[in-house]
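Student: Could you take me through one part of this protein slowly? I would like a close look at the sheet and what lies around it.

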Amino acid sequence: MFGGGLSSKTVSMSRTSLVRGFYRLFSIRTGSKLEGKVALITGAASGIGKATAIKFINNGAKVVVADIQHQLGQETAEELGPYATFVSCDVTKESDISNAVDFTISKHKQLDIMHCNAGVPCKTPPSIVELDLEMFDKVMDINVRGIMAGIKHASRVMIPRQTGSILCTASITGLMGGLSQHTYSVSKSAVIGIVKSVAAELCKYGIRVNCISPFAIPTPFTMDDMRQLFPGVDDQRLVKMVHNAGVFEGAYCEPRDVANAALYLVSDDAKYVNGHNLVVDGGFTSFKSLSFPAPDELK
Ligand SMILES: NC(=O)c1ccc[n+]([C@@H]2O[C@H](COP(=O)([O-])OP(=O)(O)OC[C@H]3O[C@@H](n4cnc5c(N)ncnc54)[C@H](O)[C@@H]3O)[C@@H](O)[C@H]2O)c1
């Protein structure tokens, strides 16, 4: 679970159109924290990236939606309205990332926010002795190398302007062992490390680099995984299972919780927040409870 094995590419268009109404609910101008800013978001055709694109647009930004899913990415950009544009981008290809950055500059003359969000889960056996190293390389290529390439090319255009905000999507699986199989977990630990390493250099240029570690959210990414783990169980029940995996009573993690955290981190509200990993998990990774029996259970 939590990035254990899933692929957004397999999500059918009909399912996509089902969630479209959900996203529209949030397509209302709600603030101006990013007025005049330009953002490039990888993996923005779906899930967290899409919710973040909506949040940024609703706060005055222009957004370039970069994704490997051409058709879905284009549909998403159309759905998001005139302040969104789609660019086809596979983050494993440095030339695609470079083109996405150059496209943003040629269209909007600047890049203020780079959100390196694209990521994939991993389907491999959980035991280290059965580790599929080919799969390991493929996941690292997207989840780690893709992030490095995104930061590299964003920095290329941000450094001369001496300003910018770079955000990456990590995961709570990068903070604690046991929440996912090794490959995904290691890839997300690397993202948290990348942020600290790059922040050390880019602070000299007034560029902030941060990441967000969300709890499990039933996006296409997680739902495909859940359907494989629990075949025959209906989607509503699976969504409930993901939500119930959290510790915080009365709320569960949603894409817009991550989008809200993203808005904070890239806006001037966080002007002195740098090299930070903002954990959005309802407290899940902050504590463990000792499971002693209650005194009356000992009798
Ligand atoms: N959903 C969760 O439970 C969860 C929790 C923690 C972190 N995350 C992370 O959040 C990020 C977004 O995931 P999501 O849950 O929104 O999933 P999602 O499947 O809804 O979105 C992921 C997007 O990334 C795109 N993508 C995949 N490979 C790509 C590539 N090579 N180049 C460009 N785009 C590519 C997909 O086409 C898709 O649109 C990922 O980095 C994921 O690891 C997700």
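Tutor: Here is a walk through the sheet, one strand at a time, with a pair of helices at the end.

Happily, let's begin with how far to trust the picture. This is a predicted model, and its average pLDDT is 92, with 91% of the residues scoring at least 70. One stretch to treat with care is residues 5-26, where pLDDT stays under 50. For that stretch the model has 25 contacts beyond four places in sequence.

Now to the sheet itself. Seven strands form an open sheet, and reading across it you meet them in the order E3-E2-E1-E4-E5-E6-E7, paired in parallel. Strand E3 (84-88) and strand E7 (277-280) are at the edges, and each has a single partner strand, so one side of each has no neighbour in the sheet. On average, neighbouring strands are turned by 20° against each other, ignoring direction.

Something also packs on this sheet: helix H2, made of residues 47-58. Helix H2 touches strand E1 (38-42), strand E2 (62-67), E3, strand E4 (113-116), strand E5 (164-169) and E6. The direction of H2 makes about 170° with that of E1.

Let's zoom in on strand E6, residues 207-214. On one side, six bridges join E5 to E6, and the two run parallel. Within that pairing, Leu 167 has Asn 210 in E6 as its bridge partner. E6 is also joined to E7, by four bridges, and this pair runs parallel too. Here Ile 212 stands opposite Leu 278 in E7.

Is E6 buried or exposed? Eight of its eight residues are buried. You can check this face by face: Ile 207, Val 209, Cys 211 and Ser 213 lie on one side, Arg 208, Asn 210, Ile 212 and Pro 214 on the other, and all are buried. Notice that Asn 210, the partner of Leu 167, and Ile 212, the residue opposite Leu 278, both belong to that second group.

Finally, look at two helices that pack against each other. Helix H7 (residues 220-229) meets helix H8 (residues 235-244) at an angle of about 110°, and their axes are 10 Å apart. That angle makes H7 roughly perpendicular to H8. From H7, the residues Thr 222, Met 223, Met 226 and Arg 227 meet Asp 235, Leu 238, Met 241 and Val 242 in H8. Sorted by character, the residues of this contact are five nonpolar, one polar and two charged.

Technical notes. Residues are numbered from 1 along each chain as its sequence is written. This is a predicted model: local features need pLDDT of at least 70, side-chain atom pairs count only at pLDDT 80 or more; totals for chains, interfaces and linings use all residues. Axes are lines fitted to C-alpha atoms, for helices over the stretch in contact, and angles run from 0 to 180 degrees between N-to-C directions. Angles under 35 degrees count as roughly parallel, over 145 as roughly antiparallel, 65 to 115 as roughly perpendicular and the rest as oblique. Two residues are in contact if their C-beta atoms, placed from the backbone, lie within 7 Å. Ala, Val, Leu, Ile, Met, Phe, Trp, Tyr, Cys and Pro count as nonpolar, Asp, Glu, Lys and Arg as charged, and the others, Gly among them, as polar. Two strands pair if DSSP finds at least two bridges between them. pLDDT is the predictor's confidence in each residue, from 0 to 100. A residue is buried if 20 or more other C-beta atoms lie within 10 Å of its own, exposed if 12 or fewer, and partly exposed in between; C-beta atoms are placed from the backbone.
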